[in-house]
Every structure is written in C-alpha cells, then in structure tokens.
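I opened a fresh page today to keep track of what I looked up, entry by entry, in one structure. My plan was to begin inside the fold and then turn to the open spaces.

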Amino acid sequence: MKINSKFFSVRPGDKVNLKEWSTIGQPIYKSKEQYQELLKKHVEELSTLQRLHYASNHYALLIIFQAMDAAGKDGAIRHVMSGVNPQGCQVYSFKQPSDEELQHDFLWRTTCRLPERGRIGIFNRSYYEEVLIVRVHPEILRSRGFVQDLFEQDSGDEKVFWKNRYRSIVDLEKHLYRNGTRTVKIFLHLSKEEQRKRFLDRIDDPEKNWKFSPSDIHERKYWKQYMKAYEACLTETSTHHSPWFVVPADDKLNARLIVSQIIIDTFKNLKMTYPKTTEKRQRELSSIRKNLNSKYEVTTRNVRVAPKSEK
C-alpha cells in the first residue's frame with residue numbers, strides 16, 4: 001500500500017473533530033517481516049535525504065511530536081530516525097518548565113533549541129504543551145501569577161487569552177518558515193482503550209515498569225478535556241506552511257511507517273542540491289591531486305623491501 005501523507009494532514013481552516021479521525025487506520029503491512037522491510041527502505045531513504053539536507057545547508061527541519069501518554073512518541077523517534085547521522089539531528093524532550101524558563105515568555109525555552117540550517121530538530125512535546133496541558137489545568141497558569149478570574153468558565157477574557165497564544169504560535173512558525181525552517185507537526189492519535197492496554201502492559205512487564213507513572217492515570221481522568229484542547233489546537237494552528245498531521249497510533253508499526261513517509265515527503269518538497277564546485281575550486285583540487293600522487297610515487301620508490309634473510 002502506498003502511503004499518501006496528505007491524507008493525514010489537517011487542512012487549514014478545517015474544524016477538527018477527532019472522533020472523525022481514525023486511531024487505527026488502514027493497514028500498510030501484511031506481516032512483521034514486511035513491516036521491517038518497508039521501515040528499512042524508509043530509514044535508508046531518510047538517511048540519504050538527511051545527508052543531502054546537511055550538505056545543502058539551506059533549510060532547517062523541525063519535527064514536533066505531540067500525543068497522549070503511551071502513544072509511542074519515543075518509539076517512533078527511535079525507529080524512524082535510526083539511520084540518521086547523529087551529528088545532523090538533535091532531539092529534545094520538554095517536560096515541566098524550570099524556574100528560569102518560567103521567567104520568560106512561553107515560547108522562550110523551545111526557541112533556544114531550534115535546529116540550525118542543515119540539521120533536523122525533533123521536539124518530543126513542545127511549546128504546544130502551553131495550549132494543551134496548561135489549558136486542561138488552568139491552575140498551572142494561576143500558580144505562575146496569571147489573573148485567576150481570567151480562567152473562569154465561559155469567560156470572554158479566557159477565549160481571548162487562548163486565541164492570543166495560538167496567534168503567537170502561528171506567528172512564530174511563519175517567521176521560522178520565512179527564515180528557512182520547515183516545521184512538521186505530528187499528533188499521534190491514540191484511543192483511550194489502547195492507552196489502557198499499554199498502561200497494563202507497562203505494569204505487568206517488569207522491564208517496562210520504569211515507563212509507568214501514577215501521574216499517567218491522573219491525567220487519563222481528563223481525557224475528554226484533552227481531546228477538546230487538541231481539537232482546538234489542531235484547528236487553530238494547522239497552516240499551509242506548518243501543517244499538522246493526525247497519525248493513527250493504535251498500531252505502533254503502522255504509525256512509524258506513516259511518520260517516516262511524512263518526513264520523507266517533506267524533504268522531497270525542499271529544493272536541495274549538493275554544493276556545486278566552481279572552476280577555480282576544480283583547478284585547485286586538480287593541483288592538490290597531482291601533488292598527492294607525486295608524493296605517493298616518491299614514497300613508494302624510496303621504500304626498501306627487506307630480503308627474506310633479514311625478516
């Protein structure tokens with residue numbers, strides 16, 4: 001099955017209802033062996049494109065992963081990017097902000113980690129947490145000194161507050177686009193039932209116990225609120241220059257194939273070429289080549305081969 005990455009993109013202006021987006025998706029592979037073969041091809045192609053991206057040094061690529069707990073963000077990053085040269089890729093996981101970060105605007109801590117030209121930056125969670133978990137838990141903002149009345153239910157000021165945050169995000173991503181950074185945003189769409197199964201697996205498997213936190217169960221209680229926050233976020237911030245992709249995540253293997261295809265297609269849409277050598281540079285290289293060959297010939301002529309009796 002050929003993967004059409006556009007099928008998973010949120011069209012700008014569309015109002016997102018996540019109940020209309022499948023968490024399972026149409027199967028891409030028929031067996032584990034076929035999955036491994038397809039992923040290997042994707043990884044090899046990504047490796048080739050990443051080398052071209054690094055050499056051309058014209059664009060930066062920012063990949064953002066957002067999802068509910070246990071959706072497979074870590075696994076997708078690890079498997080999909082397994083063939084990429086670590087020198088050209090940076091991965092950052094954003095958890096609870098530090099005291100220093102809280103003294104700045106909500107975009108500051110992630111802006112400091114944006115990728116350079118020629119490199120890939122991966123955000124495991126991002127500035128979008130500030131319109132997701134913070135929207136579900138407005139007490140976080142109150143603890144930071146924001147006016148309490150601002151977040152009362154059905155408050156007109158509250159709507160303006162979130163609208164302004166969405167606008168700040170969209171403006172940032174427009175700015176990045178104008179300056180050569182291409183942003184790909186991936187929401188791994190997991191069902192509540194599949195999350196329950198994965199939590200149980202983490203509890204039952206001793207090697208996965210470390211992945212489980214009681215806070216995961218606490219946040220699960222707010223599932224509906226999170227879905228509403230994600231719907232608003234996807235609706236307000238998916239644009240032509242910085243689209244959201246809703247990837248069905250109940251099947252981890254399927255999700256990895258889709259994610260890798262999205263990144264491949266993003267690379268292919270960039271105008272990337274290897275740097276061309278000028279005539280002057282070509283002459284310089286030819287001269288260096290002659291000198292290297294000359295030194296090599298002199299060295300080999302002066303080498304004395306010891307007779308067998310001396311060995």
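The entries below follow the order in which I looked things up, and I note at the start that the model is predicted.

**Entry 1: the strand β3**

I began with β3 and asked how many of its residues are buried. Five of the five residues of β3 are buried, so this strand is largely enclosed by the rest of the structure. I then wanted to know which residues lie on each side, keeping in mind that side chains in a regular strand alternate between the two faces of the sheet. On one side of β3 I listed Ile120, Ile122 and Asn124, and on the other Gly121 and Phe123, and all of them are buried, which leaves both faces covered.

Next I looked up the strands that pair with β3. Strand β1 runs parallel to β3 and is joined to it by five bridges, and one pairing that I wrote down is Leu61 with its bridge partner Ile120 in β3. Strand β2 also runs parallel to β3, again with five bridges, and here I noted that Gln90 has Gly121 of β3 as its bridge partner.

**Entry 2: the strand β4**

I treated β4 in the same manner and found it mostly covered, since nine of its nine residues are buried. One side holds Thr181, Thr183, Lys185, Phe187 and His189, while the other holds Arg182, Val184, Ile186 and Leu188, and both faces are covered. Which strands are joined to β4 by bridges? Eight bridges join β4 to β1, and the two run parallel; five bridges join β4 to β5 (residues 244–248), which is parallel to β4 too. Leu188 caught my attention because it appears in both pairings: the bridge partner of Ala67 in β4 is Leu188, and the bridge partner of Leu188 in β5 is Val247.**Entry 3: the helix α2**

Turning to helix α2 (residues 73–80), I listed its buried residues, which are Lys73, Gly75, Ala76, Ile77 and Val80. I then looked up what covers them, and the elements include α1 (32–56), β1 (60–67), β2 (89–93), β3 (120–124), β4 (181–189) and α11 (252–268).

**Entry 4: aromatic rings and charges**

A search of the whole structure gave me ten aromatic pairs. I took the pair of Tyr92 and Phe94, whose ring centres are 6.5 Å apart and whose planes make an angle of 35 degrees, and which is described as tilted. Is each of these two residues buried or partly exposed? Tyr92 is partly exposed, with a relative accessible area of 27%, whereas Phe94 is buried at 7%. Ring pairs also link Tyr92 and Phe94 with Phe123 into a cluster, and Phe123 is one of the buried residues of β3 from my opening entry.

I also looked for charges placed over rings. The charged end of Arg165 sits over the ring of Phe106, 4.3 Å from the ring centre, and Arg182 lies over the face of Tyr177, at 3.8 Å from the centre of that ring.

**Entry 5: the enclosed and the open spaces**

My search of the whole structure for cavities of 30 Å³ or more found one. The largest cavity has a volume of about 40 Å³, and its lining consists of Ala71, Gly72, Ala76, Leu188, Lys252, Ala255 and Arg256. Which element gives the most to this lining? The answer is α11, with three residues. I recognised Ala76 from the buried residues of α2 and Leu188 from the strand β4.

The largest pocket has a volume of about 1300 Å³. It is lined by 43 residues, and those nearest its centre are Asp69, Lys73, Lys95, Arg125 and Asp216. Several helices each supply at least two residues of the lining, among them α5 (133–136), α8 (192–204) and α9 (214–220), but α2 gives the most, with five.

**Entry 6: two residues with a positive phi**

Last, I checked the backbone at two residues that are not glycine. Asn57 has a positive phi of about 55 degrees and lies in the loop between α1 and β1; with a relative accessible area of 42%, Asn57 is partly exposed. Arg125 has a phi near 70 degrees, also a positive value, and is found in the loop between β3 and α5. At 19% relative accessibility, Arg125 counts as buried, since the cut-off for that word is under 20%.

Note on methods
Residues numbered from 1 in each chain as written. Predicted model: local features only at pLDDT ≥ 70, side-chain atom pairs only at ≥ 80, totals over all residues. Heavy atoms only, no water. Buried < 20%, exposed > 50% of the residue type's maximum accessible area, 1.4 Å probe, protein only. Helix = DSSP H or I, 4+ residues; strand = E, 2+ residues; numbered from the N terminus. Contact = heavy atoms within 4.5 Å. Phe/Tyr/Trp six-rings, centres within 6.5 Å; stacked < 30°, edge-to-face > 60°. Lys NZ or Arg CZ within 6 Å of the ring centre and 35° of its normal. Pairing = 2+ DSSP bridges. 1 Å grid on protein atoms, 1.4 Å probe; cavity = no way out; pocket = protein on both sides within 12 Å on 5 of 7 lines; lining within 4 Å. Points joined across faces, edges and corners; volume = space filled by probe spheres on them.
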